[in-house]
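This briefing is intended for a reader who has the sequence and the coordinates at hand. Please consult both while reading the points below.

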Amino acid sequence: MCLAGTACACAHHGRDFLLVQDADVPNFGQWYLFSNYGWASQPGPDEQGIDVGLSTGLFPRTAFTSTLQYADVDGGGWGWNSGATSLQFDLTPSRSDFPLKLGLILGREFSLGGESGHAGNHDDDHDHDADHDADHDADHDADHDADHDADHDADHDADHDADHDADHEADHDADGGADDDHEHTGIHQHGTDAYFAKFVVEAPLGDKTKLAANIIALFPDEGERAYYGYALGIRHSLDDKLALGVEFTGDFDSNLYQEGIAAVYYSPVHCVMLKLGVGGGLNSASPDLTVHSGLVWKF
């Protein structure tokens, strides 16, 4: 969600941002508990989801993260949508004068719902369809000769009208009708079995401003292609507790998902951060309005 951009990539948010992963890695024995909520309004059914995750330092400069997503996707009702596990590596050179922080995230996302809900009645449905087809074929053969001549002219006219309407609708869709539906493609896929990777770059811009950027790759199990995208965020601290920022995420294909938000970040105490962002899609393949919120507790 990218919902909570959703993806796939929606379930792997950073600590100091909402849509962007920063380079922060927990120390050995340190834990980050985080939760994110995302809501998207679009031409089809609205979508919303909640991510809950836990990250901990396994070794120096290496962290393990596990995330679960509970979501209402495509108006189908709430349910467990996906889970993910990943390793994050701090690749920043040890030289003290190096100006950037670098990181790499490698992980696996797996579906928790979807098709499994339809598997239980598959055999019964198959038997029903077989009986139905047999009865239908018998009746059809018996009636076919008697009805053929009478129906031929009527069917010809009906087929002509149907073809005309279908051609008209196809032309309409090609001219913009496809904008009516929101598709989960590219890095913005829900409940997908896939491997993913993120390259993270973080740079300080003075004492109070931070820039973070991600290059995102998604490798679904189904299909022959990978998808690539980006996330970019900048935040400026007003004081020790409050910061403001803007964030963007999307596919490198400009015809796929693109989103931007304005965000506020608040830390009532040093180990807790609250985040809220509001924005929307930047093209017709993206939601009209999005809302994101997040909580991080470091202990």
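The points that follow concern strand pairing, aromatic rings, charges over rings, and one pocket.

The model is predicted. Two hairpins, one formed by β1 and β2 and the other by β2 and β3, are described before the side-chain contacts. The second largest pocket, with about 310 Å³ of space, closes the account.

**Strands β1 to β3**

- Strand β1 (residues 31-41) runs antiparallel to strand β2 (residues 47-59), and 10 bridges join the two.
- Between β1 and β2 lie five residues, and the two strands form a hairpin.
- Within this pairing, Ser 35 is found opposite Val 52 of β2.
- Strand β2 is also joined to strand β3 (residues 62-72), by 11 bridges and in antiparallel orientation.
- The hairpin of β2 and β3 has two residues between its strands, and Arg 61 in the turn shows a positive phi of about 70 degrees.
- Phe 59 has Thr 62 in β3 as its bridge partner.
- As a general point, side chains in a regular strand alternate between the two faces of the sheet.

**Aromatic rings**

- The model contains six aromatic pairs.
- Tyr 70 and Trp 78 form a stacked pair, because their ring centres are 5.5 Å apart and their planes meet at 25 degrees, where the cut-off for stacking is under 30 degrees.
- Ring pairs connect Tyr 70, Trp 78 and Trp 80 into a cluster.
- Tyr 70 has a relative accessibility of 31% and therefore counts as partly exposed.
- Trp 78, at 36% relative accessibility, likewise counts as partly exposed.

**Charges over rings**

- Arg 15 is placed over the face of Phe 34, 4.8 Å from the ring centre.
- Arg 108 has its charged end over the ring of Tyr 195, at 4.4 Å from the centre of that ring.

**The second largest pocket**

- The second largest pocket holds about 310 Å³ of space.
- Its lining comprises 17 residues, of which Arg 235, Asp 240, Ser 267, His 270 and Met 273 are the closest to the centre.
- The lining of this pocket consists of seven nonpolar, three polar and seven charged residues.
- At least two lining residues come from each of β8 (227-237), β9 (242-251), β10 (258-269), β11 (272-281) and β12 (289-298).

Key. Residues numbered from 1 in each chain as written. Predicted model: local features only at pLDDT ≥ 70, side-chain atom pairs only at ≥ 80, totals over all residues. Heavy atoms only, no water. 1 Å grid on protein atoms, 1.4 Å probe; cavity = no way out; pocket = protein on both sides within 12 Å on 5 of 7 lines; lining within 4 Å. Points joined across faces, edges and corners; volume = space filled by probe spheres on them. Helix = DSSP H or I, 4+ residues; strand = E, 2+ residues; numbered from the N terminus. Nonpolar A, V, L, I, M, F, W, Y, C, P; charged D, E, K, R; others polar. Pairing = 2+ DSSP bridges. Phe/Tyr/Trp six-rings, centres within 6.5 Å; stacked < 30°, edge-to-face > 60°. Buried < 20%, exposed > 50% of the residue type's maximum accessible area, 1.4 Å probe, protein only. Lys NZ or Arg CZ within 6 Å of the ring centre and 35° of its normal.
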